[in-house]
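Got the viewer open? Keep the selection panel handy, and we'll hop from stop to stop through the chain.

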Amino acid sequence: MPDSTQLTQFPRPSVAVDTAVLCPVPGRGLHVLLTHPGDGVWQLPGSILRPQERLAEAVARCLREKARLVDRAPVQLHVFDQPDRDDRGWVISVAHLDVLSTRDVGFGDASSPETEPDPQDARRRKLAPVHSVRELSAEHQEIVRVAVHRLRSLHERTPDPFGLLPDEFSLRQLRELHEIVSGENLQADTFRRTMLPLLAPTGRALTQGRGRPAQTFTRRSELALRSDGEGDQGRET
Ligand SMILES: O=P(O)(O)OC[C@H]1O[C@@H](O)[C@H](O)[C@@H]1O
């Protein structure tokens with residue numbers, strides 16, 4: 001029996017962080033941000049913790065250095081602790097989730113919203129459809145799968161839980177966002193019935209194309225992720 005007052009007697013895992021940055025791309029579905037280290041393969045922005053570094057600091061460092069994203073505060077998603085998940089040895093990964101619009105990621109071109117506009121950076125950063133991430137390691141694919149499951153379940157119960165829409169939006173704008181996230185068409189009446197109790201009408205209207213002006217709403221509920229989905233890791237799918 002090892003002496004538990006002497007931690008050096010216990011084998012030690014390395015701890016890593018990884019972040020699934022999900023991005024609903026209009027007309028093209030839900031995407032995930034991948035980064036490339038220069039040599040090696042596409043991966044989620046992640047890193048082994050540096051000495052004395054906290055998890056949130058490591059996440060912020062990776063997003064800044066590998067994904068060119070600043071001032072983000074991703075939420076913890078799940079701990080991936082399969083002992084053989086990294087070929088190099090015992091590495092536990094604390095995975096995080098963030099959600100951004102294409103503009104916030106910095107891929108703002110409407111004709112090609114998932115492409116990095118700077119050709120130099122395009123070799124280091126790209127958006128990939130969440131259903132086609134086979135270029136990632138199996139471990140990072142699993143992180144994407146759990147992140148997508150979490151995002152979808154949040155959107156079933158909460159209007160725009162990550163606040164991607166403007167403060168005021170029409171039901172149609174809201175449904176279009178939820179359809180990108182869910183990856184399927186949502187029945188308009190059912191969607192309306194589910195979401196209306198969670199919305200506050202502004203009393204104003206928005207002109208959309210040539211149709212009738214649409215009533216606008218704001219969210220009644222605040223961002224739900226921190227209080228929601230605890231323990232729900234998408235294992236049932
Ligand atoms: O890129 P470095 O810091 O070497 O390793 C970090 C990666 O090691 C993996 O287990 C983690 O999933 C993370 O992505």
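Start by selecting Asp160, which sits in the loop between helix 4 and strand 7 (169-170); helices (H or I, at least four residues) and strands (E, at least two) are DSSP runs, numbered from the N terminus. Before going further, a word on ground rules: this is a predicted model, where local features need pLDDT of at least 70 and side-chain atom pairs count only at pLDDT 80 or more, while totals for chains, interfaces and linings use all residues. Residues are numbered from 1 along each chain as its sequence is written, and side-chain values use heavy atoms, with hydrogens and water left out.

**Two loops with a positive phi**

Back to Asp160: its phi is near 40°, a positive value in a residue other than glycine. Most residues other than glycine have a negative phi. Is Asp160 buried or exposed? It counts as buried, at 1% relative accessibility; buried means under 20% relative accessible area, exposed over 50%, and partly exposed in between (1.4 Å probe, protein chains only).

Now jump to Asp71, in the loop between helix 1 (55-67) and strand 4 (75-80). Phi is positive here too, near 60°. This loop residue is exposed, with a relative accessible area of 78%.

**Helix 4**

Select Arg150 next and show its side chain. You'll find Arg150 in helix 4 (residues 138-157), where it counts as buried at 5% relative accessibility. What does the side chain of Arg150 reach? One of its polar atoms lies 3.1 Å from the backbone oxygen of Leu77. That is a polar contact, meaning a pair of N or O atoms within 3.5 Å; within protein, one must be able to donate a hydrogen and the other to accept it, and residues adjacent in sequence count only if both atoms are side-chain atoms.

**The ligand and its shell**

Time to centre on the ligand. Select the residues around it: Ala16, Asp18, Gly46, Ser47, Ile48, Lys66, Arg85, Asp86, Arg88, Val91 and His140. Each of these has a heavy atom within 4 Å of the ligand. Colour by strand and you'll see that strand 1 (14-25) and strand 3 (46-48) each supply at least two residues of this shell. Strand 3 gives the most, with three residues.

Which polar pairs should you draw in? Try these three:

- Arg85: an N or O atom of its side chain is 2.9 Å from an oxygen atom of the ligand.
- Asp86: a polar side-chain atom lies 2.7 Å from a ligand oxygen atom.
- His140: an N or O atom in the side chain is 2.9 Å from an oxygen atom of the ligand.

How much of the ligand does the protein cover? The answer is 79% of the 360 Å² of accessible area that the ligand has on its own, with areas from the Shrake-Rupley method and a 1.4 Å probe; for residues, only the protein chains shown count as cover.

**Val91 and Phe80**

Stay with the shell and pick Val91, in strand 5 (residues 91-99). Val91 counts as buried at 5% relative accessibility. Leaving aside residues up to four places away in sequence, Val91 touches Ser14, Ala16, Ile48, Phe80, Arg85 and Asp86; contact means heavy atoms within 4.5 Å. Put a C-alpha distance between Val91 and Val15: you should get 5.5 Å, for residues 76 apart in sequence.

From Val91, step across to Phe80 in strand 4. Phe80 is also buried, at 8% relative accessibility. The C-alpha atoms of Phe80 and Ala16 are 9.6 Å apart, with their places 64 residues apart along the chain.

**Strand 2**

Last residue stop: His31, in strand 2 (residues 29-35). His31 is buried, with a relative accessible area of 2%. Its side chain reaches the backbone oxygen of Gly29 at 2.9 Å. Select the residues that His31 touches further along the sequence or before it, including Val21, Cys23, Glu114, Leu127 and Pro129.

**Zoom out**

Finally, show the whole chain as a cartoon and look for six helices and nine strands. The C-alpha atoms fill a box of roughly 70 × 45 × 30 Å along the principal axes. Of the 237 residues, 44% count as buried. Among contacts between residues at least 6 apart in sequence, 62% join residues at least 24 apart. Switch on the surface, too: the chain exposes about 13,500 Å², and carbon and sulfur atoms supply 49% of it.
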